[in-house]
Each structure stands twice: as structure tokens, then as C-alpha cells.
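Hello,

Here is the structure you are taking over. Please open it first, and then read the notes below alongside it.

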Amino acid sequence: LAGVRTSTAQMPTVREASNIYGRPGWVLENGTIRVGLLRGGGHIAEVRLVSDNPRLSINPMFIPEGNGYMGHLVCFPYFGPASAEERAQGLRGHGEAGSVEWQQTRPPQIDAQGITFFYGADLPKTYYTIERAVSLKTGEATVRVEEWIENLASYDRPYNRDQHATFGAPFVTPGRNVLDMSGTRGVTDATRTAGGKWAE
């Protein structure tokens, strides 16, 4: 999608949405591309071209049937399952950032060139803050995401921050998509296949 332009550019917009696949958040749009951001966990739930053609307007992001992460999430301040001690403190897998409520953190910057929307969250159990700036340029089908964190503890400490994007049907279809990578070995978990929707 990078570099795609349209001749019918419109002034970018942002609006609060109560139902992005059943969840509240914000929708950014510039007439060429639409991006849906969730309050719960800050997930990027939707990235789609604005088109009357349903084949062009497919949202490639994974949408779960129930609760759980959707599309893209940031794993912070750790990646992977929570330890027994972390679970006892109410923490879940892939860090606290994906399980807290995110808020708009400052007014959006909107002009004829594009839009930048700011949102973020306080992490009360791990003592960090995280914030994002999501930008769309007028007439372009690209999304720019910048992210920064602040350690609220009085000492230095290690952390992990991983960008976890998951794509789903109908964009990803068993027997029609190919993953090409240089890896020669891998590990799969048969118990984590999104209810059998993911091909082994």
C-alpha cells in the first residue's frame, strides 16, 4: 500500500467510535485509508483502503470471535506468557499495555497535510506510561506510528517492547497464502490456533 495516492484527497478526520468490531475506540480516515484504534489495549484493529470494491477494502487484521487481542498490539513491558507470580498480581500475557484502557492524550493535529492522533495509557502495576502518535498523510495509503515510553520507577530496569501484528481471514486464507522466510526450524503450538482458523 505504501506510495498509493488518490486524486480525490479529502481533509483527514478522527472520530470516536463505539463499535469497532464490538469495541470502543477511534477511527482515523483520509479518504484513501481508514485506521481503527481500540481503547482497550490500544490495539490497531483495522487498517483498510477506503473503496467501494470489497476486494480492495478488506481489513487484513485478525479479529477474534470473543475477547482477546485484535490485529496489532504492543507487547510491553514484556513479551510472552505471564509468570505465576505475575498472574498472581493480575498481569496477563504480553505485558500490561495490551490489557489496560488507553485514552486520547492530547488534541489531534489536523491540517491539509494530514492528521496525527495521540493516545496512550498509564500502567499502574508495572509503573510505566506508553504513548503513540498515529499519522495519516492526506491522499496517501500509509500509516506512520511512533511510540514512546516512560519509566515511572525511581531506578533503571530492563523491559521488552515487541510489535505483535496478527493477520486473519479473509485476508489470510489456508492454501492461498505463502509465508517466505529464511528460518529452517520452528515451533508450533497446536492449542493456539484461534479455534482451528489458523493452518498448521
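Subject of these notes: salt bridges and one sheet

Glu46 counts as buried, because its relative accessibility is 3% and the cut-off for buried is under 20%. Please keep in mind that this is a predicted model.

The side chain of Glu46 meets that of Arg48 in a salt bridge, at 2.7 Å from N to O. In total, the structure holds seven salt bridges. Two others are described below, after the sheet in which some of their residues lie.

The sheet is open and has four strands in the order 6-7-8-9, with antiparallel pairing. Strand 6 (103-111) and strand 9 (144-151) stand at the edges; each has a single partner strand, so one side of each is left without a neighbour in the sheet. On average, and with direction ignored, neighbouring strands of this sheet are turned by 15 degrees against each other.

Take strand 6 and its partner as an example. Strand 7 covers residues 114-123, runs antiparallel to strand 6 and is joined to it by six bridges. To find your way on the screen, look for Ile110, which stands opposite Ile115 in strand 7.

Now to the salt bridges. What does the side chain of Arg106 meet in a salt bridge? The partner is the side chain of Glu131, at 3.2 Å from N to O. Arg106 lies in strand 6 and Glu131 in strand 8 (residues 128-137), so this pair ties together parts that are 25 residues apart in sequence. Is each partner buried or exposed? Arg106 is partly exposed, with a relative accessible area of 36%, while Glu131 is buried, with a relative accessible area of 13%.

Glu147 forms a salt bridge with Arg161, and the closest N and O atoms of this pair are 3.7 Å apart. Glu147 is in strand 9, whereas Arg161 is in the loop between strand 9 and strand 10 (162-165); the pair links distant parts of the chain, 14 residues apart. Glu147 has a relative accessible area of 17% and is buried. Arg161 has a relative accessible area of 35% and is partly exposed.

That leads back to the starting residue. Salt bridges that share partners join Glu46 and Arg48 with Arg34 into one network.

Regards

Key. Residues are numbered from 1 along each chain as its sequence is written. This is a predicted model: local features need pLDDT of at least 70, side-chain atom pairs count only at pLDDT 80 or more; totals for chains, interfaces and linings use all residues. Side-chain values use heavy atoms; hydrogens and water are left out. Two strands pair if DSSP finds at least two bridges between them. Helices (H or I, at least four residues) and strands (E, at least two) are DSSP runs, numbered from the N terminus. Axes are lines fitted to C-alpha atoms, for helices over the stretch in contact, and angles run from 0 to 180 degrees between N-to-C directions. A salt bridge is a side-chain nitrogen of Lys or Arg within 4 Å of a carboxyl oxygen of Asp or Glu. Buried means under 20% relative accessible area, exposed over 50%, partly exposed in between (1.4 Å probe, protein chains only).
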